[in-house]
Structure formats: C-alpha cells, structure tokens
Amino acid sequence: MIASYSPQQPKDLVVEVAETTPEQVRTAFETARAAQPGWGNGPAAARATALAAAADAVAGAADELADLVVREVGKPLGEARGEVARSVAILRYYAQQVFDPVGAVHEPSAQGLLFTRRRALGVAGLITPWNFPLAIPLWKAAPALAFGNTVVLKPAPEATACALRLAELIGPFLPEGALSVVPGDAETGQAVVENADVVSFTGSTAAGRAVARAATERGVPVQAEMGGQNPAVVLPDADLKSAAAQIAAAAMGFAGQKCTATKRVIVVGDPAPFREALVAAVEAMKCGDPADAETTVGPVISEEARNRITSVAKDAVAAGGRVLTGGADAERDGWFVGPTVVEGVPDRHTLACDEVFGPICLLQTAADLDEAVTLANAVPHGLAAALYTSDLASSLEAAARLEAGLVKVNAPTSGVDFYLPFGGEKASSLGAREQGKAAQEFYTSTHTITIAP
Ligand code: NAD
C-alpha cells in the first residue's frame with residue numbers, strides 16, 4: 001500500500017491506495033497510447049480549450065488544493081497558495097503555446113518543397129517528487145499534452161493525494177486515459193520508464209541517474225532535473241540587510257525543501273556584520289503550523305528526514321563547526337527542525353558538499369570574488385546560484401563564471417519563472433531544459449519533409 005501522512009500531524013493519514021503493479025502501469029500506457037492519436041492529431045484549438053478549462057478547474061478549487069498541499073507535504077499556506085496560482089498560470093501558458101509554429105518552410109531543393117514539422121512523441125512517462133506536488137506534475141504534463149502527447153504520471157508516494165486530486169480536476173477535459181496517475185514507489189517508477197516514449201523525471205540525483213540510465217538503455221528521450229547545493233555569494237558592497245532577509249527566506253522557507261534553496265552562504269571579506277544580519281533574519285522567521293498564514297518554516301517531510309538533518313548538524317559540531325542558530329528538533333508534534341545556520345566545517349563535510357534537504361545552511365568565507373566563485377563551483381551540483389552586490393562588473397563576472405543553470409543577482413536562489421527554460425549544470429540536470437519554450441523541443445520530434453511536384 002502507498003500511504004501518505006501529514007508531516008505536522010504524523011497520525012493524520014491523508015490517503016492510502018494500492019500501489020500500481022507493473023501490469024497495471026502497462027495497461028495505463030496502452031490506454032494512453034490509444035488516446036494519443038485522437039488528442040495529438042485533433043485541432044490545436046481543441047487542446048487549447050481543454051487546457052484552459054483545466055486551468056479554470058484548478059483555479060476554482062484553489063482553496064481546497066492549497067489546504068491539501070499544506071496537509072499532505074507541510075508546505076506553509078502562503079507558499080501553497082502561490083503554488084496553486086503558479087499551476088493555473090502554467091496551464092494557461094501552455095494552452096496558448098499550442099498555437100506556436102511547429103516547423104518552418106525552407107527554400108525548395110532541386111527535388112521540391114522542403115519543410116520541417118514537429119510531431120508528438122507518444123506517451124510521456126512523468127516521475128515527480130513531493131516538494132511541489134502540483135506545479136511539477138503540471139509543468140511536465142501541460143506541455144506534454146499541449147504538444148499532442150498523452151501522459152502517465154507517477155507521483156512521489158508522499159504527494160499521492162495531491163496528484164490524484166489534480167487528475168480528478170483535469171481529467172474531465174481530456175479524452176479517456178489521456179492523463180492517468182499511477183501511485184507507487186520506485187518500482188512503479190521503473191515500470192513507467194519501461195513503457196514510456198519519453199521520460200521526464202524530477203527528484204534526487206541518485207534516482208534521476210537510475211531513471212536516465214534505464215531510459216537511455218531503451219533508447220527513449222529523457223530529462224532528469226535533480227538536486228542542488230546552491231550558493232549565495234555576498235560581497236561587501238551588497239545591501240546586507242536585504243541580502244540577509246532574502247537568503248534566510250531562500251534557505252529556510254518551506255523548511256529548505258526546494259531544489260533551489262540556498263545551502264551555502266559565501267561571505268566575501270569580514271563575515272561579522274553579515275553573520276549577525278543573517279542570524280537575526282533566520283530567527284525572525286515564523287516556524288510552526290504550516291496552516292497558519294504567518295508561518296514560513298513548517299515541518300520537514302518525514303521522521304527520517306528530520307533525523308538526518310539533526311544528525312548532520314551534530315556531526316558538523318563534532319567536525320569543529322559552530323552552530324550559529326538552531327540545530328535541534330523543535331519541541332512540538334510532527335517533524336520539525338529549528339532553522340539552522342552552521343559555520344566553520346571542513347571543506348569536505350556533508351554540509352559543504354552534499355544536498356541536505358532541510359532548513360540548514362552553511363556560512364563560508366572568501367577573501368575576494370574570485371575565491372568565492374571558486375568555492376561556489378567546488379561542488380558536484382550546479383542548479384542555482386545567487387550573488388549580492390551593487391557592482392555591475394561583479395554581476396557580469398558572476399553570471400559568466402558561476403556553474404549553475406540559474407544565476408540570480410540580488411535575488412534569491414529559490415523561485416522559478418515558468419515561462420523561461422529551467423534546469424541545472426553538472427550533477428543537477430541531465431538532458432534538455434524544462435518549461436518555457438524549451439518544453440516544445442523536448443516533447444516533440446522534428447521531421448524534415450520533402451515534397452516533389
Ligand atoms: P526522490 O528521488 O526520492 O523521488 C523522486 C521520484 O522518483 C519519486 O516519485 C520516486 O518514487 C521516484 N523514484 C525513486 N527512485 C526511482 C527509480 N529507481 N526509478 C524510477 N523512479 C524512482 O526525490 P524526492 O525525495 O521525492 O524529492 C526531493 C529531491 O528532488 C531533492 O533532491 C530535490 O533537490 C529534488 N528536486 C529537484 C527539482 C529540480 O527541478 N531540479 C525540483 C524539486 C525537487
């Protein structure tokens with residue numbers, strides 16, 4: 001069985017469903033494959049109308065969906081509402097992308113007319129994490145559907161109820177079987193990869209690489225968006241108070257459980273003034289019940305996650321580090337960890353090198369921008385990076401040198417604009433970018449057509 005429990009009320013069973021067997025996954029793909037030609041070859045306007053209607057249905061259920069996100073994954077209400085609004089925007093955006101050109105006409109050859117045309121790939125297999133339980137399924141499903149594919153979605157077990165509710169809301173506007181949800185864990189995910197014509201994955205680096213290997217072995221296109229170990233570099237000429245507030249929110253908001261959360265803060269020059277500002281900003285954040293609109297730091301997803309984060313904090317101290325704030329379980333029911341800032345750990349410590357998916361970040365120092373960029377780049381991941389400065393030349397240098405798919409200047413590492421390409425460098429991503437116009441390229445294939453008179 002797949003059961004998801006509320007992280008703030010661990011006895012609250014949100015949903016319990018049977019795990020989808022590999023045989024049932026195969027059937028879901030057969031049904032989706034049968035639905036694909038009618039959907040993909042039908043008029044573009046019909047797909048636009050369906051996606052716009054789906055957007056309206058999600059908007060109409062906004063409060064209910066936000067409450068479900070709060071309950072199932074512990075996302076603070078303000079962010080949960082933002083995720084619902086973003087989900088609606090994604091559906092509306094791709095409802096319009098349907099009308100984008102799908103090819104180009106070229107000068108004729110000696111043989112005749114030459115043109116290109118993009119066509120859908122078939123059935124997209126989508127495997128998603130729990131931390132954006134509506135937006136990530138939709139930023140994959142909406143473009144896949146818009147460009148004529150049908151979809152089978154394997155959500156994270158911890159976010160099963162959100163995925164099922166989403167499909168219930170959207171399903172009525174699509175042909176039977178065009179979007180189905182197959183609840184399950186890694187084994188169900190593997191069955192999805194074995195049946196899909198194109199695979200889009202978001203989650204941890206280890207799982208993403210396994211998915212990419214299996215899809216490549218079958219010869220189907222795959223994209224994998226994975227973890228981050230995102231740095232924020234603070235130069236002495238930055239507005240320290242504003243930088244501290246932004247970095248605190250990017251590191252600790254939703255208990256640091258975003259792939260783009262700030263995990264390392266690299267201060268150039270004397271760290272004392274910024275250290276003080278950061279600790280004050282973190283301590284000013286409201287932790288607690290995610291259903292309270294004032295809360296910005298809720299629980300982490302599970303007991304296992306809580307134990308890992310607190311054990312990394314203890315280990316940091318054992319390795320010579322200093323906890324500036326937080327470091328322990330918060331004393332209340334549910335999987336709460338106090339927002340934690342640590343400094344002074346060795347370069348090879350987990351906090352310096354690996355993604356710890358929780359409200360914990362490391363403060364580091366560098367003598368100048370050059371050393372800060374070197375430190376920022378000295379990790380396997382490369383998803384997002386931020387620089388805080390008032391100097392244009394430093395901004396341009398960082399934009400050119402930081403090894404990250406998203407570079408922000410005077411803006412937090414967290415936060416993604418759905419109409420721009422999204423993805424990382426190095427261990428953070430494999431394959432084509434997601435979202436924006438990049439999605440059309442991933443979910444379709446270009447055919448080069450010659451028509452002789
Ligand atoms: P996870 O890797 O544990 O699971 C992600 C999904 O993959 C789940 O649906 C899971 O059941 C499935 N899965 C796991 N192993 C599999 C396998 N071998 N074959 C097929 N499917 C498999 O990740 P999670 O805990 O749900 O999410 C947190 C992680 O996701 C973090 O590392 C975070 O950085 C990352 N993330 C990345 C992005 C991004 O866009 N880069 C966005 C959000 C989250």
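Nine residues are named around the second largest cavity of this predicted model. They are Pro137, Leu138, Ala141, Leu153, Ala163, Leu166, Ala167, Ile170 and Leu179. The cavity holds about 60 Å³ of space. Its lining has 9 nonpolar residues, with no polar and no charged ones. Helices α5 (135-146) and α6 (160-170) each supply at least two of the lining residues. Helix α6 gives the most, with 4 residues.

The structure holds 2 cavities of 30 Å³ or more. About 70 Å³ of space lies in the largest one. Its lining is made of 15 residues. Pro231, Ala376, His381, Gly382 and Glu403 lie nearest the centre. The elements that give two or more residues to this lining are β10, α13, β15 (381-382) and β16. What classes of residue make up the lining of the largest cavity? There are 8 nonpolar, 5 polar and 2 charged residues.

Two of those elements, β10 and β16, lead to the sheet. Here 7 strands form an open sheet, and the pairing is mixed. The order is β12-β13-β14-β11-β10-β16-β17. Why is one side of β12 and of β17 left without a neighbour in the sheet? Strands β12 (322-325) and β17 (406-409) stand at the edges, and each has a single partner strand, so one side of each stays free of a neighbour there. From one strand to the next, the twist averages 25°.

Look next at one pair of strands. Strand β10 (residues 230-234) runs parallel to strand β11 (residues 262-268), and 5 bridges join them. One residue of note is Val234, whose bridge partner in β11 is Val267.

Helices pack against these strands. Helix α10 (residues 272-283) packs on the sheet and touches β10, β11, β12, β13 (340-343) and β14 (360-366). The direction of α10 makes about 55° with that of β12. Helix α13 (residues 369-377) lies across β10, β11, β14 and β16 (384-388). It runs at about 160° to β11. Helix α13 also belongs to the elements that line the largest cavity.

Now turn to the pockets. The largest pocket contains about 1,000 Å³ of space. Its lining counts 39 residues, and Pro129, Trp130, Gly203, Ser204 and Ala207 lie nearest its centre. Four elements give two or more residues to this lining: α7 (186-195), β8 (198-202), α8 (205-218) and α11 (303-318). Which element provides the largest share of the lining of the largest pocket? That is α8, with 5 residues. By class, the lining has 20 nonpolar, 12 polar and 7 charged residues. Two domains take part. Domain 1 (2-226 + 428-451) and domain 2 (230-409) each contribute at least three residues to the lining of the largest pocket.

The second largest pocket has about 330 Å³ of space. It is lined by 18 residues. Gly40, Arg117, Arg118, Arg119 and Ala120 lie nearest its centre. Helix α1 (22-40) and strand β4 (113-120) each supply at least two residues of the lining. Strand β4 brings the largest share, 4 residues. The lining of this pocket has 5 nonpolar, 8 polar and 5 charged residues.

Notes: Residues numbered from 1 in each chain as written. Predicted model: local features only at pLDDT ≥ 70, side-chain atom pairs only at ≥ 80, totals over all residues. Heavy atoms only, no water. Pairing = 2+ DSSP bridges. Axes fitted to C-alpha atoms, helices over the stretch in contact; angles between N-to-C directions. Contact = heavy atoms within 4.5 Å. 1 Å grid on protein atoms, 1.4 Å probe; cavity = no way out; pocket = protein on both sides within 12 Å on 5 of 7 lines; lining within 4 Å. Points joined across faces, edges and corners; volume = space filled by probe spheres on them. Nonpolar A, V, L, I, M, F, W, Y, C, P; charged D, E, K, R; others polar. Domains from an automatic or database assignment.
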